[in-house]
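Open the model in your viewer and keep the selection panel handy. We will walk through a few strands first and then some aromatic rings.

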Amino acid sequence: MEGYKQALAQYIDATNTHDFANVEKMLHPNAIYWFSDKTCTSMSEIGAYFENAWHLIKDEVYAATDVQWIAVDQSSASCVYTYQYQGYYNGEFVTGSGRATNIFTKTETEEWKLIHEHLSGKVE
């Protein structure tokens, strides 16, 4: 498996640990997130957003489906996919989905890191 594809899989796995320390290992230090309701431009902002989401949706399971790699070269890779989640909100089982764009970049140490994620709710 190409390194950037493995990086996406590892990022999804890290997200499902519900431990931001694991997620942070997959992120570029200059990562920027565009969530539907907030832009996060620092690791502390990104971490707080993740922690809040895990607090709201208990036992969340996050998945990426229909992944399409739309631009790949030696040092960057971009993909779009449908994100899906399930978990418990106020004790009720909930599911949802939306659209995601991820951009990975290769560091000087040849590691693929996520530098940008843009999530938006499902469009009907």
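The stops below go from strand pairing to aromatic contacts, and please keep in mind that this is a predicted model.

**Stop one: strand β1.** Select residues 27-34, which make up β1. Now add residues 112-121, strand β6: the two run parallel and are joined by 4 bridges. To see how they line up, pick Ile32, which stands opposite His116 in β6.

**Stop two: the hairpin.** Keep β1 and add strand β2, residues 39-40. Here the pairing is antiparallel, over 2 bridges. Show Tyr33 and Cys40 together, as Cys40 in β2 is the bridge partner of Tyr33. With 4 residues between them, β1 and β2 form a hairpin.

**Stop three: an aromatic cluster.** Leave Tyr33 selected and add Phe20, Phe35, Tyr49, Phe50 and Trp54: with Tyr33, these residues form one aromatic cluster.

**Stop four: aromatic pairs.** How many aromatic pairs does a search of the whole structure find? There are 10. One of them is Trp69 with Phe104, a tilted pair at 6.1 Å centre to centre with 45 degrees between the planes. Because Trp69 sits in strand β3 (residues 58-72) and Phe104 in strand β5 (residues 92-106), this pair ties together parts that are 35 residues apart in sequence. Colour by accessibility: Trp69 is partly exposed at 22%, while Phe104 is buried at 1%.

Finally, select Tyr88 and Phe93, an edge-to-face pair at 5.4 Å centre to centre and 65 degrees between the planes. Tyr88 is partly exposed, with 37% relative accessible area, and Phe93 is partly exposed, with 46%.

Methods: Residues numbered from 1 in each chain as written. Predicted model: local features only at pLDDT ≥ 70, side-chain atom pairs only at ≥ 80, totals over all residues. Heavy atoms only, no water. Pairing = 2+ DSSP bridges. Phe/Tyr/Trp six-rings, centres within 6.5 Å; stacked < 30°, edge-to-face > 60°. Buried < 20%, exposed > 50% of the residue type's maximum accessible area, 1.4 Å probe, protein only.
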